[in-house]
Amino acid sequence: MKEILRKCQGCLKLINRDELIKITKLPDGTLKINPNSKELGRSVYVCKNPECIKNFIKKKRLKIALKSSNILENERVEKYLKELN
């Protein structure tokens, strides 16, 4: 099976997609964490490393990569990521 690589937005390294947390912005503007592959929308990936999550949140990569201006959705996802540590 072919390995699919995606860039972690915390450390900017290419990592196997299965090892990353995927966050997708759905057409209605809501953010979904780890959706199945059939969900359509703009996505961003971050690895589960606490330092990567910290950089991801600090540099506002979620807002930039997904072009998401929904503050409540952004805060909900950031809170979820912080609780993973």
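Is S68 buried or exposed? With a relative accessible area of 2%, S68 is buried. The legends below describe this residue and several other close-up views of a predicted model.

**View 1. S68 lies in the loop between α2 (61–66) and α3 (71–84).** Although S68 belongs to a loop, its relative accessible area of 2% places it among the buried residues. Residues up to four places away in sequence are not counted here; beyond them, S68 touches K25, L31, K63 and N74.

**View 2. K67 is an exposed residue in the loop between α2 and α3.** The relative accessible area of K67 is 58%, and K67 is therefore exposed. The phi angle of K67 is near 50 degrees, a positive value in a residue other than glycine. Most residues other than glycine have a negative phi.

**View 3. L12 occupies the loop between β1 (5–7) and β2 (14–16).** L12 is not a glycine, yet its phi is positive, at about 65 degrees. With a relative accessible area of 43%, L12 is partly exposed.

**View 4. The cysteines C8, C47 and C52 are shown without a disulfide, since a search of the whole structure finds zero of them.** For C8, the nearest cysteine sulfur is that of C47, 3.3 Å away, and C8 is in no disulfide. For C52, the nearest cysteine sulfur is also that of C47, at 3.1 Å, and C52 is likewise in no disulfide. A disulfide would require the two sulfur atoms to be within 2.5 Å, so these distances do not qualify. C8 counts as buried, at 0% relative accessibility. C52 counts as buried too, at 5% relative accessibility.

**View 5. The largest nonpolar core of the model contains 20 residues.** Within this core, I23, V46, F56, L62 and L81 touch the most other members. Two or more residues are given to the core by each of β3 (20–25), β4 (31–33), β5 (42–47), α1 (50–58), α2 and α3. V46 illustrates how such a residue is surrounded: leaving aside neighbours within four places in sequence, V46 is in contact with C8, Q9, G10, L20, I21, C52, I53, F56 and L81.

**View 6. One face of helix α1 is lined by its buried residues.** C52, I53, F56 and I57 are buried in α1. Seen down the axis of the helix, the buried residues of α1 fall within an arc of 130 degrees, so they line one face. An α-helix has 3.6 residues a turn, so residues three or four places apart point the same way. The buried residues of α1 pack against β3, β5, α2 and α3. On the face turned away from this buried side, α1 carries the exposed residues K54 and K58.

**View 7. The N-terminal end of α1 is capped by N49.** A side-chain oxygen of N49 lies 2.9 Å from the backbone nitrogen of E51. Just after α1, K60 takes a positive phi of about 55 degrees.

**View 8. K38 is found in the loop between β4 and β5.** K38 counts as exposed, at 73% relative accessibility. K38 and N74 are 36 residues apart along the chain, and their C-alpha atoms are separated by 22 Å. N74 also appears in the first view, as one of the residues that S68 touches.

How values were computed. Residues are numbered from 1 along each chain as its sequence is written. This is a predicted model: local features need pLDDT of at least 70, side-chain atom pairs count only at pLDDT 80 or more; totals for chains, interfaces and linings use all residues. Side-chain values use heavy atoms; hydrogens and water are left out. Buried means under 20% relative accessible area, exposed over 50%, partly exposed in between (1.4 Å probe, protein chains only). Helices (H or I, at least four residues) and strands (E, at least two) are DSSP runs, numbered from the N terminus. Contact means heavy atoms within 4.5 Å. A nonpolar core is a set of buried Ala, Val, Leu, Ile, Met, Phe, Trp, Tyr and Cys residues joined through side-chain atoms within 4.5 Å. The arc is that of the directions from the helix axis to the C-beta atoms. A polar contact is a pair of N or O atoms within 3.5 Å; within protein, one must be able to donate a hydrogen and the other to accept it, and residues adjacent in sequence count only if both atoms are side-chain atoms.
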